[in-house]
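This briefing is meant for a reader who is meeting the structure for the first time. Please look over the sequence and the model before reading on.

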Amino acid sequence: MLASNFVASSDNKGPIGPVINVTKHISFQDFNSNNLRLKQDLTLLGSAIVSDEKPSVQIPDPEQQGDLKHLAGRAIYSSPIRFFDLPSQTPASFETTFSFQFEVKSNSSNETSDVGKLIGGSGLTFIIVPDELTVGRSGPWLGMLNDLCDDDYKTVAIEFDTRQNPEFGDPNDNHLGINLGSIVSTAAINASDVGVQLNDGSIHRVWISYDGRKRFIDIRLAPDGRGFTSKSVYSGSLDLSPYLNEYMFVGFSAATGNHTQIHNILSWNFTSISQASLRIPTTETCQDKIMLQNNTQAEIAHRKTPNSFFIFLAVVILLVIVLINLYFSSYRGDDDNSNETIILPEKKQRPRPPNKARRFTIAEIATATRNFSELQILGSDEKSVTYKATMLNGCNVVVKRFLTQFFNTHGFEKRQFHKEIKAISKIRHPNLVPIRGWCYDNQETIVVYDYIPNGSLDKWLFGVGVLPWTRRFKVVKDLAESLVHLHSKQLAHKNVKSSSVFLDVSFRAVVGDFGFVLTSTGSTRFESMVSQTADVFEFGVVVLEIIAGRSRKSNPGERDLLDLAWAMHEVQQKETLVDRRMGAVVNLDQAVRALDIGLLCTLNENKGRPTMEEVVEFLNMEKPIPELPPGRPVCLFPYSSTTGLCSGYPCTAFK
């Protein structure tokens with residue numbers, strides 16, 4: 001529908017045009033599993049299913065093995081919806097109605113109150129979120145928010161909570177809440193005030209209406225079949241604009257904690273109306289503009305054209321000046337011939353591509369690292385010290401300075417080392433940290449990398465936070481893609497480990513901290529035979545670390561991770577390796593499949609170890625995974641002195 005007013009353009013090029021309404025409508029009269037459209041229109045995350053028993057979305061899945069405690073899930077409409085008009089800063093208006101039912105099972109996992117009412121948990125939310133991938137935490141978080149989300153993670157939710165959590169300001173165990181970017185409700189309403197008990201087993205219907213222009217919300221709740229009550233549960237001013245992106249996803253989330261209940265969504269209708277502006281077509285055509293421009297230029301040229309006499313006079317004067325200059329120049333040349341100096345034109349420097357690696361001077365590196373200040377150190381090991389540095393152009397980089405004694409002790413050939421650094425620096429791939437340059441001045445060997453602000457993967461896996469499964473699996477695939485690209489260039493990484501994998505601002509995995517030459521002079525045969533297969537082996541161990549959430553290096557009293565993984569495979573209990581901190585949002589089948597691929601990569605080279613190209617095909621389900629041997633094979637991995645990968649199990653020396 002066209003509006004009657006026009007909106008002024010922000011770039012001062014005239015009016016943008018009339019305001020129109022962009023309408024989106026969603027309708028699910030029920031959630032019958034036979035409806036093929038459900039698979040296309042509805043994204044189910046975590047412990048959410050479409051029930052075959054009743055036409056509804058259920059969170060959690062009541063048929064899954066084990067108890068139903070501490071589970072979370074989401075059902076999200078698959079396509080984004082326009083919720084915010086940026087030019088006018090106006091949120092969309094929307095209306096939604098849905099019916100739901102909470103089923104509280106009478107079993108040992110639930111308690112009974114003094115009045116005989118079953119106590120369930122935790123509740124359901126209608127949510128507007130920025131992505132269709134995240135699953136929130138279980139328990140009182142209602143699957144709405146995840147502790148890994150940023151502080152500015154924009155979300156809007158209407159919660160129907162059946163547990164009282166005083167730490168979140170809940171008034172009782174039967175309330176509604178309006179949540180804006182936080183699990184703590186902006187407003188909380190007692191459902192008992194309208195005669196509704198959320199977990200009494202009956203079907204309830206909700207109506208939510210939001211006017212984006214007036215910033216006003218109205219919420220109604222009643223048992224299904226009675227119609228809406230004349231009195232709203234809540235109505236009042238509410239500005240959603242700080243919590244909306246232009247496009248958002250809409251749906252439901254639910255969770256259980258120490259107590260369990262099944263959250264059923266039986267039907268859902270949703271309509272949104274957002275305003276948008278059209279640019280007014282100009283009356284000026286391209287042909288008119290060109291003709292006008294040509295006519296204007298012709299008039300200017302006509303005014304500036306001198307007559308033929310002035311042209312002739314100018315040419316004569318110019319010739320006279322040239323002849324006089326030649327005469328005096330030849331006269332002076334006879335006297336000053338012996339003192340003549342030939343000035344060669346300055347050699348032009350070819351412009352360097354902006355991303356091409358180059359050689360740095362030691363002075364540039366020293367300035368960038370504040371003369372290798374200890375305050376700039378990011379880490380160190382037996383062969384190098386790593387610094388954070390800032391170049392003169394303001395770009396942040398990482399400087400890896402190899403220790404002189406490292407070369408002297410191991411007898412490494414610097415020439416081969418430098419040759420490999422240059423070869424790697426020419427490689428560019430989205431999942432490889434670019435090498436920006438090197439420095440070989442004054443016996444120094446230094447490599448300069450891009451700085452990745454989110455840090456290395458090991459800090460995310462073994463640190464304070466919990467990396468969700470979707471991001472972990474994406475890291476596995478990114479790491480595999482990077483190694484495929486390296487191997488296709490007849491190169492190898494030679495230092496694949498979780499501390500060499502970094503996460504950029506979008507949590508894409510990028511691999512850096514290359515191992516370069518691992519062996520001493522005269523071992524080129526060793527390099528060509530084992531470097532790429534070593535990458536595959538170490539990739540397999542990193543996959544195990546990602547799934548288990550623990551380091552390959554065992555702590556005192558802990559079993560070696562690789563040894564433990566094979567032991568769990570032998571007793572068919574590999575799922576016990578999955579990091580429990582991820583909760584119920586992990587895709588267990590996907591995790592076990594990735595674990596099988598990791599174990600496959602640790603097989604002997606001549607007994608089934610795949611190439612990285614095959615690994616990518618396994619991860620993308622383009623190729624079936626070969627069957628693993630029932631028990632762990634004897635390791636014949638050839639070198640333990642340089643990587644330590646064979647500690648804890650037999651290893652033969654390379655011959």
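In which loop does Ser241 lie? In this model, which is predicted, Ser241 is found in the loop that runs between strand S19 (234-237) and strand S20 (247-255). The points below begin with the chain as a whole, return to that loop residue, and then take up the cores, the salt bridges and the surface.

**The chain as a whole**

- The chain has 655 residues, of which 47% are buried, and its secondary structure comes to twelve helices and 29 strands.
- Among the contacts in the chain with a separation of 6 or more, 65% are between residues 24 or more positions apart.
- The area that the chain exposes is about 34800 Å², and carbon and sulfur atoms supply 52% of it.

**The loop residue Ser241**

- Although Ser241 lies in a loop, it counts as buried because its relative accessible area is 13%, which is under the 20% limit for that class.
- Once neighbours within four places in sequence are left aside, Ser241 is in contact with Phe84, Pro91 and Arg215.

**Nonpolar cores**

- The largest nonpolar core holds 72 residues, and the members that touch the most other members are Leu457, Trp469, Leu479, Phe539, Leu599, Met612 and Val615.
- Helix H9 (residues 524-548) supplies the largest share of this core, namely ten residues.
- A second core, separate from that one, has 49 residues, including Leu42, Phe100, Tyr210 and Val250.
- Not counting residues up to four places away in sequence, Trp469 touches Ile547, Met582, Val586, Asn587, Gln590, Ala591 and Ala594.
- Ala594, one of the residues that Trp469 touches, is found in helix H11 (residues 588-601) and is buried, with a relative accessible area of 2%.
- With residues up to four places away in sequence again left out, Ala594 touches Trp469, Phe473, Val543 and Ile547.
- The C-alpha atoms of Ala594 and Leu619 are separated by 7.1 Å, while the two residues are 25 residues apart along the chain.

**Salt bridges**

- Side chains of opposite charge can pair when their charged atoms come close.
- The count of salt bridges in this model comes to 18.
- One of them joins the side chains of Lys400 and Asp513, with 2.2 Å from N to O.
- Lys400 belongs to strand S25 (residues 396-402) and Asp513 to the loop between strand S29 (509-511) and H9, so this pair ties together parts that are 113 residues apart in sequence.
- Are Lys400 and Asp513 buried or exposed? Both of these residues, Lys400 and Asp513, are buried.
- Another salt bridge forms between the side chains of Glu444 and Arg401, at 2.6 Å from N to O.
- This pair links distant parts of the chain, since Glu444 sits in the loop between strand S26 (435-439) and strand S27 (445-450) while Arg401 sits in strand S25, 43 residues apart.
- The two partners fall into separate classes of exposure, because Glu444 at 14% relative accessibility counts as buried, whereas Arg401 at 22% counts as partly exposed.
- Lys474 and Asp478 also meet through their side chains in a salt bridge, at 2.9 Å from N to O, and both lie in helix H8 (residues 469-488), four residues apart, which is about one turn of the helix.
- Lys474 has a relative accessible area of 40% and is therefore partly exposed, while Asp478, at 7%, counts as buried.
- Arg82, Asp85 and Glu246 are joined into one network by salt bridges that share partners.

**Cysteines**

- The count of disulfides comes to zero.
- Cys395 counts as partly exposed, at 34% relative accessibility, whereas Cys439 is buried, with a relative accessible area of 0%.

**A nonpolar patch on the surface**

- Phe312, Val316, Val320 and Ile324 form a nonpolar patch on the surface, and together they have about 360 Å² of accessible area.
- Phe312 lies in helix H3 (residues 308-335), and it counts as exposed because its relative accessibility is 56%, which is over the 50% limit.

Methods: Residues are numbered from 1 along each chain as its sequence is written. This is a predicted model: local features need pLDDT of at least 70, side-chain atom pairs count only at pLDDT 80 or more; totals for chains, interfaces and linings use all residues. Side-chain values use heavy atoms; hydrogens and water are left out. A nonpolar core is a set of buried Ala, Val, Leu, Ile, Met, Phe, Trp, Tyr and Cys residues joined through side-chain atoms within 4.5 Å. Buried means under 20% relative accessible area, exposed over 50%, partly exposed in between (1.4 Å probe, protein chains only). Helices (H or I, at least four residues) and strands (E, at least two) are DSSP runs, numbered from the N terminus. Contact means heavy atoms within 4.5 Å. A disulfide is a pair of cysteine sulfur atoms within 2.5 Å. Accessible areas come from the Shrake-Rupley method with a 1.4 Å probe; for residues, only the protein chains shown count as cover. Patches are made of residues with over 30% relative accessible area and no salt bridge: like charges are joined within 9 Å, nonpolar side chains (Val, Leu, Ile, Met, Phe, Trp, Tyr) within 5 Å. A salt bridge is a side-chain nitrogen of Lys or Arg within 4 Å of a carboxyl oxygen of Asp or Glu.
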